[in-house]
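Work through the exercises below with the sequence and the model open. Try each task before reading its solution.

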Amino acid sequence: MMLNIDNKTARRFILGKQGLWPGRRWQGTAGIERAIREVEYLQLDPLQIIARSHDIQLHGRVFDYTPGLWEEATYQQRKFFDWGGWLAVRPMDELPYWRTIMHRERDGHPDCDPRIRRMGLEHAEVIEEIRSVLRERGVVNNRDFKMTSRKRTQHYRGRKDSALALFYLWRTGEVMTHHREKFERAYALTEAVAPAELIQGKNDEEVDRFLIKKEISFLGLSRLQRTSDAFQRGVPFSKKKQILESLLADGEIREIKVGGWRMMHYVLGRDVHLLDDLSAGRTPEAWSPLAATTTEEVVFLAPLDPVCARGRAKVLFDFDYVWEVYKPKDKRKFGYYTLPILWGDRLVGRFDSKLDRESNTFLILGFWLEDETLGKDEAFAQALARGFDRFVGFLGADQLDARAIREPLLRQYAGVS
């Protein structure tokens with residue numbers, strides 16, 4: 001039977017599934033692991049203006065999180081691994097499913113990126129060379145191969161042949177990321193990184209069902225639309241209809257209609273009880289925050305956070321958000337690294353900022369509210385100030401410079417004299 005919910009329930013469900021509402025509910029090392037598992041994919045991005053997007057994402061979900069702690073769980077404890085054309089951290093115990101996807105890429109499966117197989121064929125000789133180097137040295141970094149001794153390439157994945165070979169071996173599962181040095185991968189043979197029992201792949205049917213369910217869980221409510229990102233996450237669109245029919249018949253997913261949304265969506269069957277609670281006006285017990293709610297303390301969303309990135313902010317919050325980092329300066333409406341502000345269950349504004357490393361100051365460059373009356377709302381002013389205080393601590397900054405905020409009440413609570 002199809003489920004029916006309103007937009008508010010959908011919004012709170014998606015925020016709650018992602019660990020953002022009604023407040024942070026995870027803490028410490030165990031909390032970081034739980035958060036990464038719950039978000040399904042922790043998308044990695046190398047750009048560091050104030051902090052990297054994935055660190056900001058975890059800061060919004062885990063108390064006392066500081067930049068880089070995800071690496072300890074991933075590369076020291078080996079609870080997770082990074083992989084993919086859509087680069088993300090994934091639970092290590094999921095590796096058997098992803099091994100099958102890696103081999104599909106190697107073999108040129110129609111649901112995978114055809115460039116990977118071409119890369120293997122076109123660079124077979126250097127790939128075999130790098131295999132030998134890995135067997136000999138154990139751990140290698142692309143910087144170990146000096147440009148003067150390598151063949152130059154014009155490929156989107158690197159400027160020398162060794163970079164392409166390492167990337168190919170990583171994408172097809174022969175090597176994994178052993179650790180990172182200034183965010184750059186250091187590689188080792190898979191056998192040296194992953195437990196032996198996880199290296200065996202799953203059968204195709206199990207993998208296809210896993211990918212569909214993971215995609216639905218990642219989005220909370222999903223249309224299972226063929227987008228570039230979903231394609232890069234390996235979703236088997238060529239078999240979508242038959243897999244959906246099977247999952248629906250088994251009760252593992254349910255059809256759902258959201259008021260005001262035109263298209264049918266899908267939700268995991270195991271999450272229906274959460275929707276029942278929310279529809280009845282109850283907060284699911286498992287979502288109880290450890291301290292402040294998002295009404296008491298705002299949260300700043302990462303540029304690649306799945307609840308707001310790629311047009312989703314408009315659907316869920318009626319909030320136009322575009323990450324303008326790749327736009328020319330004269331084409332930007334707000335700023336280079338603008339972050340949305342979550343207050344309660346709504347996106348109410350945004351700000352552009354940078355971390356001035358010379359003075360170790362978190363500097364607000366621009367600040368914009370969706371509703372100007374919020375600038376006179378004392379509850380919001382307090383919640384915003386608390387959010388800034390926590391963010392300054394997260395960044396390890398010494399001070400906040402909020403002089404770019406125009407609203408007198410907000411300036412006052414932010415400590416602007």
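**Exercise 1. Find which residues lie nearest the centre of the largest pocket, and where its lining comes from.**

Solution. The model is a predicted one.

Step 1. The largest pocket is lined by 34 residues, and Pro46, Leu87, Arg157, Phe167 and Arg185 are those nearest its centre.

Step 2. Four elements each give at least two residues to this lining: strand S9 (158–160), helix H8 (161–171), strand S10 (175–181) and strand S11 (184–189). H8 has the largest share, with 5 residues.

Step 3. Sorted by class, the lining holds 14 nonpolar, 6 polar and 14 charged residues. The volume of this pocket is about 940 Å³.

**Exercise 2. Describe the second largest pocket in the same steps.**

Solution.

Step 1. Its lining has 28 residues; Leu219, Gln225, Thr227, Arg310 and Arg312 lie nearest the centre.

Step 2. Helix H9 (204–219), helix H10 (228–232) and helix H13 (312–317) each supply at least two residues of the lining.

Step 3. The classes here are 14 nonpolar, 7 polar and 7 charged residues. The second largest pocket contains about 640 Å³ of space.

**Exercise 3. Decide whether helix H1 is largely enclosed or not, and say what follows the helix.**

Solution.

Step 1. A residue counts as buried when its relative accessible area is under 20%.

Step 2. The buried residues in H1 are Thr9, Ala10, Arg11, Phe13, Ile14, Leu15, Gly16 and Lys17.

Step 3. H1 covers residues 7–17, and 8 of its 11 residues are buried, so the helix is largely enclosed by the rest of the structure.

Step 4. After H1 comes Gly19, which has a positive phi, near 80°.

**Exercise 4. Determine how compact the protein is for its length.**

Solution.

Step 1. Take the secondary structure: the protein has 15 helices and 18 strands.

Step 2. Compare two radii. The radius of gyration is 23 Å and the globule rule gives 22 Å for 417 residues; these are close, so the protein is as compact as a globular protein of that length.

Step 3. Add the outer dimensions: along the principal axes, the C-alpha atoms fill a box of roughly 65 × 60 × 40 Å.

**Exercise 5. State what share of the protein is buried, and how its contacts and exposed surface are made up.**

Solution.

Step 1. Of the 417 residues, 56% are buried.

Step 2. Consider contacts between residues at least 6 apart in sequence: 64% of them join residues at least 24 apart.

Step 3. The protein exposes about 18700 Å², and 47% of this area is supplied by carbon and sulfur atoms.

Note on methods. Residues numbered from 1 in each chain as written. Predicted model: local features only at pLDDT ≥ 70, side-chain atom pairs only at ≥ 80, totals over all residues. Heavy atoms only, no water. Buried < 20%, exposed > 50% of the residue type's maximum accessible area, 1.4 Å probe, protein only. 1 Å grid on protein atoms, 1.4 Å probe; cavity = no way out; pocket = protein on both sides within 12 Å on 5 of 7 lines; lining within 4 Å. Points joined across faces, edges and corners; volume = space filled by probe spheres on them. Nonpolar A, V, L, I, M, F, W, Y, C, P; charged D, E, K, R; others polar. Rg over C-alpha atoms; globule rule 2.2 N^0.38 Å. Contact = heavy atoms within 4.5 Å. Areas by Shrake-Rupley, 256 points an atom, 1.4 Å probe, with all protein chains shown as cover.
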